[in-house]
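Colleague: Got a minute? I'd like to go through this protein with you.
Modeller: Sure, let me put it up.

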Amino acid sequence: MADRWTVTVDKRVCVRTGLCVAAAPEEFRLDEDGQGRARSESLPASEEVLEVAESCPIEAIGIADARSGERVFPPSAAPSSRSVG
């Protein structure tokens, strides 16, 4: 597991449930519009932060390795084996 993660909340899809803040108030806060936000640009990598992202009902929370930029959550979609034509 990486030491630090870059955690973002997509304002376009966040529906303001507040679950992230309720589950991890040390790591998330509500902004002036009532949407969840990470308290810092990068957060310590932890199971708690991952669980919060996984519990977001619309996957508005994205996590990437702060050093490499590699996506941690949501996982990349598996390539489709179906051809388009």
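Colleague: How many helices and strands are there in the protein?
Modeller: There are 2 helices and 6 strands. Keep in mind that this is a predicted model.

Colleague: Which pattern does the protein follow along the sequence?
Modeller: Reading along the sequence gives β-α-β-β-β-α-β-β.

Colleague: New topic, cysteines. How many disulfides does the count come to?
Modeller: The count comes to 0 disulfides.

Colleague: Remind me what a disulfide is?
Modeller: It is a covalent bond between the sulfur atoms of two cysteines.

Colleague: Then why is C20 too far for a bond?
Modeller: Its closest cysteine sulfur is in C14, and that one is 6.4 Å away. A disulfide needs the two sulfurs within 2.5 Å, so C20 has no partner for a bond.

Colleague: And where is the nearest cysteine sulfur for C56?
Modeller: That is again the sulfur of C14, at 6.7 Å. C56 is in no disulfide either.

Colleague: Is C20 buried or exposed?
Modeller: C20 counts as buried, because its relative accessibility is 11%. The cut-off for buried is under 20%.

Colleague: What about C56, buried or exposed?
Modeller: C56 is buried too, with a relative accessible area of 16%.

Colleague: Zooming out, what share of the residues is buried?
Modeller: Buried residues make up 35% of the 85 residues.

Colleague: What about the surface, how much does the protein expose?
Modeller: About 5600 Å². Carbon and sulfur atoms supply 49% of that area.

Colleague: Last one, contacts. What share joins residues at least 24 apart?
Modeller: It is 54%, counted among contacts between residues at least 6 apart in sequence.

Definitions and conventions
Residues numbered from 1 in each chain as written. Predicted model: local features only at pLDDT ≥ 70, side-chain atom pairs only at ≥ 80, totals over all residues. Heavy atoms only, no water. Buried < 20%, exposed > 50% of the residue type's maximum accessible area, 1.4 Å probe, protein only. Helix = DSSP H or I, 4+ residues; strand = E, 2+ residues; numbered from the N terminus. Contact = heavy atoms within 4.5 Å. Areas by Shrake-Rupley, 256 points an atom, 1.4 Å probe, with all protein chains shown as cover.
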